[in-house]
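This report looks at a sheet, the helices that lie on it, and a lysine side chain.

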Amino acid sequence: MSDKKIIAVLGSTGAQGGGLVRAVLDAPDGPFTVRAITRDASSAKARALAESGAEVVEATLEDEESLRRAFEGVHGVYVVTNFWESMSADVELAQAATAARAVKAAGVAHVVWSTLEDTREVIPVSDERVPVLQERYTVPHFDAKAEADAFFRDSGVPTTYLRSTFYWEGFTQGSGPRRGEDGRLVFTLPIGGARLAGIAAEDIGRTAYGVFAAGDEYAGKTVSIAGEHLTGEQYAAAFADALGEPVDYRPLTHDQLRSLGMPAGDELGNMFQYYVEGERDFVGARDLDLVRSLNPRLQSFRTWLAEHVDAVRPA
């Protein structure tokens with residue numbers, strides 16, 4: 001019988017969880033095996049994980065009993081919730097509470113909870129410059145995760161609070177350089193001259209693997225992660241080098257972003273305002289040397305971009 005410890009991964013077919021599943025599978029001589037938890041084991045992504053060697057188990061964050069069964073016999077659990085599925089902070093809070101109860105009931109030894117800062121510590125809901133969202137939040141997909149930290153803390157299960165940041169994959173989904181009316185490439189990002197901490201989604205899972213591999217060293221601690229801290233000008237320069245033509249950086253204001261009529265425009269406008277006004281503490285909390293010690297394969301933006309240049313190339 002194998003003496004390897006099982007890591008159960010929620011969101012196993014998504015960006016964060018998928019990275020952790022692959023990190024375990026990429027280390028066959030390591031101390032872990034992986035149990036990929038998915039709502040649909042028959043999906044193409046779930047079948048691909050099974051073919052790669054993962055144990056695939058069906059469970060959902062809406063069904064506490066299914067989670068408890070999925071967590072039986074595991075050493076560690078990676079918990080991630082997806083705000084963008086429901087766009088509801090209340091739903092995300094309920095899902096996190098369910099996961100916390102399930103890990104406690106199953107006797108899990110170590111949880112890594114994917115969380116974020118509470119933006120209201122920098123921009124309170126009383127600040128009239130920003131809209132209050134969902135009755136009590138500045139940036140719901142940040143603030144609800146921060147509130148949910150208490151569920152894991154109160155459960156008594158040893159928990160590492162893994163604070164992530166902006167995914168560079170967002171640049172492949174329409175927020176990368178675009179061609180202006182004059183034919184030049186333009187990159188817009190509402191951060192002015194501030195630095196934006198970013199990371200490749202794959203590296204979130206890889207870093208979580210490093211946290212689990214460190215045993216109990218990070219239990220009860222917060223680990224804030226990023227791949228690189230860059231200004232808008234630096235992002236534009238990297239795009240220019242990768243695409244082989246100039247890219248002009250033209251920052252938007254936060255009010256301009258909120259006024260564009262985009263889905264979740266207020267949420268995103270508030271988020272980028274938080275990134276700018278909370279830059280010192282947000283960037284400062286993300287020690288890249290620490291992240292590299294946990295994840296020696298940590299990518300820089302240019303390394304990530306070299307692999308995704310076709311996905312960011314404008315028409």
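## Strand β4

Strand β4, made of residues 76-79, is covered on both of its faces. Gly76 and Tyr78 are buried on one side, while Val77 and Val79 are buried on the other. The model described here is predicted.

## Partners of β4

On one hand, β4 pairs with strand β1 (residues 5-9) in the parallel sense, and three bridges hold this pairing. Within β4, Tyr78 has Val9 standing opposite.

On the other hand, β4 runs parallel to strand β5 (residues 110-115), and four bridges join the two. Two residue pairs illustrate this pairing. Val77 of β4 stands opposite Val111 in β5, and Val79 stands opposite Trp113 in β5.

## The whole sheet

These strands belong to an open sheet of seven strands with parallel pairing. The order across the sheet is β3-β2-β1-β4-β5-β6-β11. Its edges are formed by β3 (55-58) and β11 (222-224), each of which pairs on one side only. With direction ignored, neighbouring strands of the sheet are turned against each other by 20 degrees on average.

## Helices across the strands

Helix α1, residues 15-25, lies across β1, β2 (32-38), β4 and β5. Relative to β2, α1 runs at about 150 degrees.

Helix α6 covers residues 140-155. The strands that α6 lies across are β4, β5 and β6 (159-163), and the helix runs at about 170 degrees to β5. Both α1 and α6 therefore lie across β4 and β5, given that contact means heavy atoms within 4.5 Å.

## Lys145 in α6

One residue of helix α6 is Lys145. Is Lys145 buried or exposed? Its relative accessibility is 8%, and the cut-off for buried is under 20%, so Lys145 counts as buried.

What does the side chain of Lys145 reach? It comes to 3.2 Å from the backbone oxygen of His141, a residue that also falls within the span of α6.

Apart from neighbours within four places in sequence, Lys145 is in contact with Thr81, Phe83, Glu92, Trp113, Ser114, Thr115 and Leu116. Among them, Trp113 is the β5 residue that stands opposite Val79. Ser114 and Thr115 also fall within the residue range of β5.

Technical notes: Residues are numbered from 1 along each chain as its sequence is written. This is a predicted model: local features need pLDDT of at least 70, side-chain atom pairs count only at pLDDT 80 or more; totals for chains, interfaces and linings use all residues. Side-chain values use heavy atoms; hydrogens and water are left out. Buried means under 20% relative accessible area, exposed over 50%, partly exposed in between (1.4 Å probe, protein chains only). A polar contact is a pair of N or O atoms within 3.5 Å; within protein, one must be able to donate a hydrogen and the other to accept it, and residues adjacent in sequence count only if both atoms are side-chain atoms. Two strands pair if DSSP finds at least two bridges between them. Axes are lines fitted to C-alpha atoms, for helices over the stretch in contact, and angles run from 0 to 180 degrees between N-to-C directions.
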